[in-house]
Amino acid sequence: MINKPKGTVDLTDRKARIWKYVEEVIDSVMEKYNYNYIRTPIFESTELFHRGIGDATDIVTKETYDFKDRGDRNITLRPEGTAGVVRSYIENKMYGTHNLPVKVYYNGTMYRYERPGKGRLRELSQYGVEVMGSNDPLMDAEVISLAYNINKMLGLTDTVVHLNSLGDKESRDNYRKALKDYFELHLDDLCADCKERFVKNPLRIIDCKVDSDKDYFREAPKIIDYLNKESKDYFDKVCEYLDILEVKYVIDPKIVRGLDYYNHTVFELMTEESKLALGGGGRYDNLVKMLDGPDTSCVGYAVGLDRLVDELIDRNLITNIRDDIDAFIMYVNEDEKKNAIYLANELRMSGFVVETEYNNKGLKSQFKRADYFNSKYLIILNSDDLNEGLITIKNNKTKEEEKIMMEYIIYYFDEHLSDDNLEIGEECCHHHDHE
Ligand code: HAM
């Protein structure tokens, strides 16, 4: 038997249905905020991520899936979505053809060679948004509240945004210097990773997972105290707008993010029960330029769908996905079967959820199968009735049954079932729109 690779998951059964439901909620909310769906390649040239995410970051140094293709090109499976979207923005010259800002969202798999564990996969899924072409703090606030509101609509009413600002370059330079001066005194106490960070990227010492509880960590300088006036004013505006949007947030000096492209606003999405961040993001005003595009201010975030769906399931927050079908059509002989085939098609095309028998098993086994799918109605076909245009329809809960003309079946179901049924293509999240 061949098993799936380490750090991957199969999505099946109820979890798959919850996953699809979550995606529907995301799609429908994105539509209301007027974010356009975008799909970029799952593999890109290796250089994109080295220049985009940063040569010294954990993701790029330790976690990428790199390979040479048969044409000897250096290829990397995307570890995140931002670099690809920005590449696409530049390559398609959206800055010239679109009205700015361009607001897009995506949903797809990412690849990181991490040590697998709870909430850590090697093939993970993210949905995310990127906004290119606005440096208004309103944009930061909108993006944060979008993430927050999707969580809320899914039932995560205890979502809290952990918010911080990395300021502009000047603020960060000052802070970096203060951090170096501070940790210089504690150099011997730092873990091996942090010793390296001290040299390459002192900011990252702040989110060390090993020592963060120690006193000398808690007393380390906080970036908030090193923001210059411009950066501080920007951050205050973001907070002011978040208050209007009624987003619950805390200012958390530990959020510095693991990717190099951020400045100003950074944030992570937590709930009271989540141990790992469900999502994260922030402003990145220099990435487009670093990738040879025009100077363009951007902001975005991504949420890990695996972590999100796991938490929804663990906390039993999704209770309204379909766990039954409308009708099971039962038959025995070939003549009845042909009618079953016809009827199933008619009903399905009218928006009803219909199942039937596919192994020519007897009625007893068909009753079992109908119960397995929690069928609301049983449609029992037999040749004598069919000759008179009649079918038997049985309410599987009340066990009441009646004979009706086959040609009236759609009207019958419209009357008895239509309240909780949807036509194919009809929006199916409308009852979540009002909290
Ligand atoms: P990130 O913080 O690296 O940000 O990832 C965002 C989310 O993806 C995490 O909060 C987590 O839920 C999920 N995630 C990351 N790694 C794993 C993993 N190994 N297994 C399961 N889930 C994982 C970014 O990727 C940025 N591109 C976000 C962004 C967009 N910033 C600006 N625009």
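## Exercises on a ligand shell and a sheet

By class, the shell around the ligand is made up of 11 nonpolar, 8 polar and 7 charged residues, where Ala, Val, Leu, Ile, Met, Phe, Trp, Tyr, Cys and Pro count as nonpolar, Asp, Glu, Lys and Arg as charged, and the others, Gly among them, as polar. The model is predicted, so that local features need pLDDT of at least 70 and side-chain atom pairs count only at pLDDT 80 or more, while totals for chains, interfaces and linings use all residues. Residues are numbered from 1 along each chain as its sequence is written, and side-chain values use heavy atoms, with hydrogens and water left out.

**Exercise 1.** Find which residues are closest to the ligand, and which strand gives the most to the shell around the ligand.

*Solution.*
- Begin with the 26 residues that surround the ligand (a residue is near if one of its heavy atoms lies within 4 Å), of which the closest are Glu80, Glu114, Leu121, Glu130 and Tyr262.
- Next, turn to the strands (DSSP runs of E with at least two residues, numbered from the N terminus): S6, S10 (279-283) and S11 (298-304) each supply at least two residues of the shell.
- S11 gives the most, with 4 residues.

**Exercise 2.** Work out which side chains have an N or O atom at 2.5 Å or 2.9 Å from a ligand atom, and how much of the ligand's area the protein buries.

*Solution.*
- A nitrogen atom of the ligand is 2.5 Å from an N or O atom in the side chain of Glu80.
- An oxygen atom of the ligand lies 2.9 Å from an N or O atom in the side chain of Arg257.
- Taken alone, the ligand exposes 650 Å² (Shrake-Rupley method, 1.4 Å probe), and the protein buries 95% of that.

**Exercise 3.** Decide whether Ser125 counts as buried or exposed, and where in the chain Ser125 is placed.

*Solution.*
- Ser125 is located in strand S6, which covers residues 123-132.
- Because its relative accessibility is 11%, Ser125 counts as buried (under 20%; exposed is over 50%, partly exposed in between, with a 1.4 Å probe and protein chains only).

**Exercise 4.** Determine in what order the strands of the open sheet stand, and which strands are at the edges.

*Solution.*
- The 8 strands follow the order S1-S5-S6-S11-S10-S9-S7-S8, with mixed pairing (two strands pair if DSSP finds at least two bridges between them).
- Strands S1 (36-37) and S8 (249-251) stand at the edges, each with a single partner strand, so one side of each is left without a neighbour in the sheet.
- S7 (residues 160-165) pairs with S8 in the parallel sense over 3 bridges, and His162 stands opposite Val250 in S8.

Methods
A polar contact is a pair of N or O atoms within 3.5 Å; within protein, one must be able to donate a hydrogen and the other to accept it, and residues adjacent in sequence count only if both atoms are side-chain atoms.
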